[in-house]
Amino acid sequence: MEILQDVVKVARKPHRCCLCGCDIKPGQMYASQRCVEDSEFWEAKSHCECRTLASYLDMFDGCDDSLTEEAFKWCIEEYAEDKLGNNSPRLHGSVYEQVKLICEQLNLQSR
């Protein structure tokens, strides 16, 4: 896989995060990668927080093609259970809410 473009944009319309599966709302910043492999082109859109956390936790390492939504969600759930316990009611929200909580606790700044 070759990354042709890697930018941060402001959403003008709703999109779906390819990592957590939650909505990227208009006005929200998101990461956009344009990729090509075997003459097939696509654009991967994700919340900046999701991409930052995936990079921080080395989720992209060992991925032959790309990190799937299912694998991302599983990693977030495992991390939340192992490191945070079930004390926070925010952990029972959407995957994106869990990602924001983990980023907040790790003091990660998304780009």
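Trainee: Of the contacts in the protein with a separation of 6 or more, what share comes from residues 24 or more positions apart?
Mentor: This is a predicted model, in which local features need pLDDT of at least 70 and side-chain atom pairs count only at pLDDT 80 or more, while totals for chains, interfaces and linings use all residues. Residues are numbered from 1 along each chain as its sequence is written, and side-chain values use heavy atoms, with hydrogens and water left out. Contact means heavy atoms within 4.5 Å. For contacts with a separation of 6 or more, the share from residues 24 or more positions apart is 49%.

Trainee: In what order do the elements of the protein run from the N terminus?
Mentor: Helices (H or I, at least four residues) and strands (E, at least two) are DSSP runs, numbered from the N terminus. The protein has three helices and five strands. Read from the N terminus, the order is β-β-β-β-β-α-α-α.

Trainee: What percentage of the residues count as buried?
Mentor: Buried means under 20% relative accessible area, exposed means over 50%, and partly exposed is in between (1.4 Å probe, protein chains only). The protein has 111 residues, and the buried part is 37%.

Trainee: Which residue meets Arg51 in a salt bridge?
Mentor: A salt bridge is a side-chain nitrogen of Lys or Arg within 4 Å of a carboxyl oxygen of Asp or Glu, and the protein has five of them. For Arg51, the N to O distance to its partner is 2.7 Å. This pair joins distant parts of the chain, 45 residues apart: Arg51 belongs to helix 1 (residues 48-56), and its partner to strand 1 (residues 2-10). Arg51 is buried at 14% relative accessible area, whereas 35% makes its partner partly exposed: the partner is Asp6.

Trainee: Which residues are linked with Glu69 in a network of salt bridges?
Mentor: Glu69 is buried, at 14% relative accessible area, and its side chain meets that of Arg16 at 2.9 Å, N to O. That pair spans 53 residues, from strand 2 (residues 15-16) to helix 2 (residues 69-84). Lys73, partly exposed at 27%, meets Glu69 at 3.0 Å, N to O, and both lie in helix 2, four residues or about one turn apart. The network links Glu69 with Arg16 and Lys73.

Trainee: Why can such side chains pair?
Mentor: Here the Arg16 and Glu69 side chains serve as an example, meeting at 2.9 Å, N to O. Side chains can pair because they carry opposite charge and their charged atoms come close.

Trainee: Which residue in the hairpin of strand 4 and strand 5 takes a positive phi?
Mentor: Two strands pair if DSSP finds at least two bridges between them. Strand 4 (residues 29-37) and strand 5 (residues 40-47) do so in the antiparallel sense over eight bridges, with Tyr30 bridged to His47 of strand 5. Two residues lie between the strands, and the one with a positive phi near 50° is Asp38.

Trainee: Which residues make the nonpolar surface patch of about 270 Å²?
Mentor: Patches are made of residues with over 30% relative accessible area and no salt bridge: like charges are joined within 9 Å, and nonpolar side chains (Val, Leu, Ile, Met, Phe, Trp, Tyr) within 5 Å. One of the members, Ile3, lies in strand 1 and is partly exposed at 43%. The patch is made by Met1, Ile3 and Trp42.

Terms used: Areas by Shrake-Rupley, 256 points an atom, 1.4 Å probe, with all protein chains shown as cover.
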